[in-house]
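Subject: A structure for you to explore

Hello,

I am passing a structure on to you, and I would like you to have it open while you read this email. Take your time and look up each residue as it comes along.

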Amino acid sequence: MSKSIHDALFEFNNLMITVKKNQKNGAFPNSFYTDINSVLHTIRPTLSELGMVIVQTPQASELGSFLNTKIMLKDSPKDFIESNIKLIVDPKSPKAMWSLGASITYTRRYAITCMLSLEAVDDDFVAGTKDAQSTPKKAYNKPLTPSQARSKRVVDLKEQLDTARAESN
């Protein structure tokens, strides 16, 4: 019997993957968030290993604009979970296109983190302090599984590579 999307999601969630908040939130002092690129960078190796892909497309209907997010099995694209989230945009604003882009970016991040039950190191305004940023939470104090250890090594190596690239420029 082949694996279903629910089996793959169960495996993904058992890995207890967390995303590190890497951006300072300009709207709230001492608050941090994880940008969409960091979320994707963190989850893609594991999704690939488990045979899953994410497709996100902005769409419009008579009910308005929304972001459609599908997480599916690469070998069985008819087996998927799906989310539709309304895009909040002020069409009368002189910055309507900027507003649309921001709405798409935020909604992409929220849809993925929600659908995959991702946790962030620090997920709220109050806990967004320097101490909370420097002390990542350990999920249940369990040892890493082999897949988690590989994912952690990939993320650590990517961070080292990014640092080396930044220093060479």
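Below is what was found, starting with the whole chain and then going to single residues.

Please keep in mind from the start that this is a predicted model.

**The chain as a whole**

The chain is built from five helices and seven strands. If you walk along from the N terminus, you will meet the elements in the order α-β-β-β-α-β-β-β-α-β-α-α. There are 169 residues, and 33% of them are buried. Among the contacts with a separation of 6 or more, 51% are made by residues 24 or more positions apart.

**The nonpolar core**

A good place to look next is the largest nonpolar core, which has 22 residues. Phe12, Ile43, Met52, Ile71, Ile112, Leu116 and Leu118 have the most contacts inside this core. Four elements each supply at least two of the core's residues: the helices α1 (5–14), α2 (36–49) and α3 (96–115), together with the strand β5 (64–73). Which of them gives the most? That is α2, with five residues.

Try selecting isoleucine 43 to get a feel for this core. Leaving aside neighbours within four places in sequence, isoleucine 43 is in contact with Phe12, Ile54, Ile112, Leu116 and Leu118.

**Two helices side by side**

Two packed helices are described by the angle between their axes and the distance between the axes. Here, α2 and α3 pack at an angle of about 35°, and their axes are 9 Å apart. The crossing in which α2 passes α3 is left-handed.

Which residues meet where α2 and α3 pack? On the α2 side they are Ile36, Val39, Leu40 and Ile43, and on the α3 side they are Thr105, Arg108, Arg109, Ile112 and Thr113. You will recognise Ile43 and Ile112 from the core, where both are among the residues with the most contacts.

**Three residues to compare**

Next, have a look at threonine 107, which has its place in helix α3. Is threonine 107 buried or exposed? Its relative accessibility is 7%, so threonine 107 counts as buried. Leaving aside neighbours within four places in sequence, threonine 107 is in contact with Leu67, Ile85 and Leu87. Leucine 87 is 20 residues away from threonine 107 along the chain, yet their C-alpha atoms are separated by 7.2 Å.

Lysine 86 lies in strand β6, residues 76–86. With a relative accessible area of 53%, lysine 86 is exposed, because the cut-off for that is over 50%. Its contacts, leaving aside neighbours within four places in sequence, are Leu63, Ser65 and Phe66. The C-alpha atoms of lysine 86 and serine 103 are separated by 9.2 Å, and the two residues are 17 apart along the chain.

Proline 58 is found in strand β4, residues 52–61. At 47% relative accessibility, proline 58 counts as partly exposed. Leaving aside neighbours within four places in sequence, proline 58 is in contact with Phe66, Leu67, Leu87 and Ile104. From C-alpha to C-alpha, proline 58 and asparagine 68 are 6.1 Å apart, while in sequence they are 10 residues apart. Notice that Leu67 and Leu87 are contacts of proline 58 and also of threonine 107.

**Two loop residues with positive phi**

Two residues other than glycine have a positive phi. One of them is methionine 16, with phi near 50°. Methionine 16 lies in the loop between α1 and β1 (18–19). At 21% relative accessibility, methionine 16 counts as partly exposed, because buried would require a value under 20%.

Another is serine 117, with phi near 55°. Serine 117 has its place in the loop between α3 and β7 (119–120), and at 49% relative accessibility this serine counts as partly exposed.

**Rings and charges**

Lastly, there are two details involving rings. The structure holds one aromatic pair. You can also find the charged end of lysine 70 sitting over the ring of phenylalanine 80, 4.6 Å from the centre of that ring.

Enjoy exploring, and write back with any questions.

Best wishes

Notes:
Residues are numbered from 1 along each chain as its sequence is written. This is a predicted model: local features need pLDDT of at least 70, side-chain atom pairs count only at pLDDT 80 or more; totals for chains, interfaces and linings use all residues. Side-chain values use heavy atoms; hydrogens and water are left out. A nonpolar core is a set of buried Ala, Val, Leu, Ile, Met, Phe, Trp, Tyr and Cys residues joined through side-chain atoms within 4.5 Å. Buried means under 20% relative accessible area, exposed over 50%, partly exposed in between (1.4 Å probe, protein chains only). Contact means heavy atoms within 4.5 Å. Rings of Phe, Tyr and Trp (its six-membered ring) pair if their centres lie within 6.5 Å; planes under 30 degrees apart count as stacked, over 60 as edge-to-face and the rest as tilted. A charge sits over a ring if NZ of Lys or CZ of Arg is within 6 Å of the ring centre and within 35 degrees of the ring normal. Axes are lines fitted to C-alpha atoms, for helices over the stretch in contact, and angles run from 0 to 180 degrees between N-to-C directions. A crossing is left-handed if the near helix is turned anticlockwise from the far one by less than a right angle, and right-handed if clockwise.
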